[in-house]
Structure formats: C-alpha cells, structure tokens
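Thanks for coming, everyone. I'll put the model up and walk you through a few spots that I think deserve a look.

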Amino acid sequence: MTTAEGTSRHAVVVGAGLAGITAALQFADAGVRVTLVEGRPRLGGLAFSFQRGDLTVDNGQHVYLRCCTAYRWFLDRVDGAALAPLQDRLDVPVLDVAPAGGPRLGRIRRNGLPVPLHLAAGLATYPHLSLAERASVGRAALALKRIDPADPALDGIDFATWLGRHGQSERTIEALWDLVGVATLNATAPHASMGLAAMVFKTGLLSESGAADIGWARVPLGELHDTLARKALDSAGVRTETRTRVSSVSRAESGGWHVDMDGERLDADAVVLAVPQREAHSLLPGGALEDPDRLLDIGTAPILNLHVVYGRKVLRRPFFAALGSPVQWVFDRTEASGLKDGQYLAVSQSAAQDEIDTPVSELRARYLPELERLLPATRGAEVRDFFVTRERTATFAPAPGVGRLRPTAHTRAPGLFLAGAWTATGWPATMEGAVRSGFSAAGAALSELGRRHEHPLREAA
C-alpha cells in the first residue's frame, strides 16, 4: 500500500508477538515501510504451538471474549476469525466435586435479555451458591456497575478487600469471582488490583449482554498467530526476520534511530519495542523513560498447562471449570491437535506459583486422580501420554499498584515507542491487551510521522 507521501519512512518493530504483529500491520496499512524482528524462529509470542510426535500442541489454552474487539480485529485481519468462533451465548459448565454423591454440574450462562437481566436467571439457578450468596452477588454486581475501572484509587486496593466490603463470602469468591478472575487476571482476588478486576468484570459481564461469550481456536494457535499472521505480513509488504536478535537501539546523528541486529544495522524513523518489560528495559537508551527501573518492578505470574492423552473419549463437552479441586479449567483439544484416536485434554492452571516448578511425576500423581474425581469416564481409561508446559513469566502480575508502573506507548525519545500487554492498555495481560498496545504504539508513531490513519476500532475512532 502506498500513500501520497510514498514509502520512504521506515519503522522497525522489535518483537513479533501479537503486539508487534499488530503494530507492523498498522504501519504497513498506513504506507510505511516496516521491518519486524523476532528472536524466536516463529511468530506469536507466548501464544504458540509446537509438535510432539503427531500432535500439534498449544503451549497453553487461550480464549477470548466477544468484548475483545481488538483481538477480533486481529483475527479478521489475518483471515482467521472462522477458525476461532465465539459461542452463540455464554455457557460455562462448572463441576463441583465436593458434594456427597459425586460431581455436581452447574452452569454460568446468559439469556437474550439486556444487562443486567441477561445473567439473572443463570445466577438464580446456579447450584454452587446458596440463595443468600446469589443475592449478594447481584448486589455486588450493581455496585461494580457504578464504579469507574480507570479510577487510580482502585489500583491501590486488592479485589478481595472490595469483595469483602460488598458482602461476598469465601465460597462466593471461590465459586464465582475467582472462577472467572483467576483465568482472566492470572491472580486470585487477594493478589489482584481492584482496578483491573473491575475492568474485567464490568466490561465482560456488565457492558453488553453478549460481552462474555467465549471464543477459542479450533485449530492450533500457531496456525493463527504464525502461519496466517506471516501471510498477512507478507501480503502487506512487511519484511519479517525471525531467529534474529536485536542487540541495541541508539539515536542516529540524523535524528532517526539505529537498530543493531545480528549482522546488520537498520536505520529507522520510528522504533517500537514490542518485547517483555525486562527486555524493553535492556534495550531502552538512556533518558527514554523518566524512571526506567519501574519496568523491573512490574512482576510476572506463571501459567502451568497439563496435557493428557486418553485412549478413549472421556469428556463430551468442549470445556469445563472445576470447583473443590486443584483443577481449574479443562479443554478438549483432540480435533485441534490432529489426534485421530482417543481424546486429548488440556488442563489450564493460572496463578500457578506453587506448582510451576513441580516435577512432572508429582503433577501426574496429583492431577490424574483429580480428573478421575471430576470425570468418572476416565477411570480405567488408558493414559497414552502426560506432559507439561510451563510459562514462568506468562503474564505481568496484576498486583495492586501495578497501574502506576505500566508505561504508555510514548517514551521521552521522539520516534521510540513501547508495546506489549504489560503497557498501559487498561486491560490485564491478555491477547486483547497485546493487540490494543500495538494499536497505541503504531498510532502514536504514525501521528509523529505525520501519517494520516484511523484507529481500527469504531469505539476509538
């Protein structure tokens, strides 16, 4: 694509996760020449796939919601929306193994009524809470609807404190608020910023009736975030370099930037650092941020995924969440992985600080019996494979106070910008936040370059 100004301007994007891919596409669509540099052999950052024998395995289970308009833009832009469809209506099966007599099934689901009535009927029949607890959830939801997630004061308190002030019992937090919050925030309520928690629940559950409908990839993530993304980048004219490490970013005498990478120096008019916060800190030139060490104060949180291949079908539904068990969420990945016989389940464990370094043998001994408690059909089933994937720094930690540490896309150095889910997107560390950060960084750079552009989301147009 060209513009009246031609394609003489050059932008370099360092890092080809979702943030970097988005920024590169935005530059290219505005007629700017782009080089995208990635140290790994693939695109997609921490949402990727790999081969294990005949299986194509995602490193972790990723989902998105209908309210994730930026990630939905990304899927459309790489021609992958049909491969990661959304539910028609929110419906989350929740199995509680604690009751006598075996697991009890409940559902978190909505109907077609407007907010907040869309969840009322589902809440009224949710069996894992008492009548009084269900009523207290309704009152807390109304209080949540009245607050502004962007209020800086909310960043300084934890979600559990707010929930306690609004009458939420420990059981209510476990069976509802943490059930959703741990998966979206990667932290339990006592360790989550109220500002980020409010953003998740207000946007996902209380903005529009369909906002929390769940979508997930029916193909390996690598097909979306690497194969299709690379095709879109190639079609847009982006030069993509993988297995290439950037060693330094420095100011050129001409006022532009030098980006030194393996065996080559690139000259750029704009640079976007779309890498994790510690890597960004190491690449930032002096004076680019007022207090660059703040980036090092943004903590990280792990996610653990357990992968089990059974010799027969043991789960009829595509996924479920669990209560009364260390198991959090279980997904059927059989078709997406290419498995032809048996069933492949992925157990996704967020906020996994206590188990991230636990040996595979111990995890197997703990979780296979738990799956038998939850899914009686697994009893006696052949376990053909059990393996583990660990992302020790999967997300930034959404702890109280993190909001003041997250930088905007702008730096103090003209032409240098930051992107990544850890930047100040207003969202927790999600695929949505990553794409939004790419919008922000590219938009800021294009404005500085004098290039006319439109924000891809109508809400921000």
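Let's start with a small puzzle: in the hairpin of strand 10 and strand 11, which residue takes a positive phi? It's Gly255, with phi near 105°, and the hairpin has 5 residues between its strands.

Quick housekeeping. This is a predicted model, so you know: local features need pLDDT of at least 70, side-chain atom pairs count only at pLDDT 80 or more, and totals for chains, interfaces and linings use all residues. Residues are numbered from 1 along each chain as its sequence is written, and side-chain values use heavy atoms, with hydrogens and water left out. When I say helix or strand, I mean a DSSP run, numbered from the N terminus: H or I with at least four residues for helices, E with at least two for strands.

Back to that hairpin. It belongs to an open sheet of 3 strands, order 10-11-12, with antiparallel pairing; two strands pair if DSSP finds at least two bridges between them. At the edges sit strand 10 (246–251) and strand 12 (264–268), each pairing on one side only. Direction ignored, neighbouring strands here are turned by 20° against each other on average. Those angles come from axes fitted to C-alpha atoms, for helices over the stretch in contact, and run from 0 to 180 degrees between N-to-C directions. Strand 10 and strand 11 are joined by 5 bridges, and Ser250 has His258 in strand 11 as its bridge partner. On the other side, strand 11 (residues 257–261) pairs with strand 12 over 5 bridges, with Asp260 partnered by Arg265.

Now the other sheet. This one is open too, with 5 strands in the order 9-2-1-13-19 and parallel pairing. Its edge strands are strand 9 (239–241) and strand 19 (416–418), and the average turn between neighbours is 15°, direction ignored. Strand 13 (residues 270–273) and strand 19 share 3 bridges, and Leu273 stands opposite Leu418. Helix 1 (residues 18–29) packs on this sheet, touching strand 1 (10–14), strand 2 (33–37) and strand 13. Its direction makes about 165° with that of strand 2. Contact, by the way, means heavy atoms within 4.5 Å.

Two backbone oddities. Most residues other than glycine have a negative phi, and most peptide bonds are trans. Arg243, in the loop between strand 9 and strand 10, has a positive phi near 50°. And the bond from Val115 to Pro116 is cis, omega near 0°; Pro116 is in the loop between strand 7 (104–109) and helix 3 (117–124).

Zooming out, the chain is divided into domain 1 (10–47 + 220–298 + 402–449), domain 2 (49–67 + 299–396) and domain 3 (109–212), with bounds from an automatic or database domain assignment. The C-alpha centres of domain 1 and domain 3 lie 34 Å apart, and their contact takes 8 residues from domain 1 and 7 residues from domain 3.

Last stop: the second largest pocket. A pocket is an open set of points on a 1 Å grid over the protein atoms alone, where a 1.4 Å probe fits, with protein on both sides within 12 Å along at least five of seven lines; lining residues have an atom within 4 Å of a point. It's lined by 31 residues, with Val182, Thr188, Gln328, Ser350 and Ala351 nearest its centre. Helix 7 gives the largest share, 6 residues. Domain 2 and domain 3 each supply at least three lining residues.
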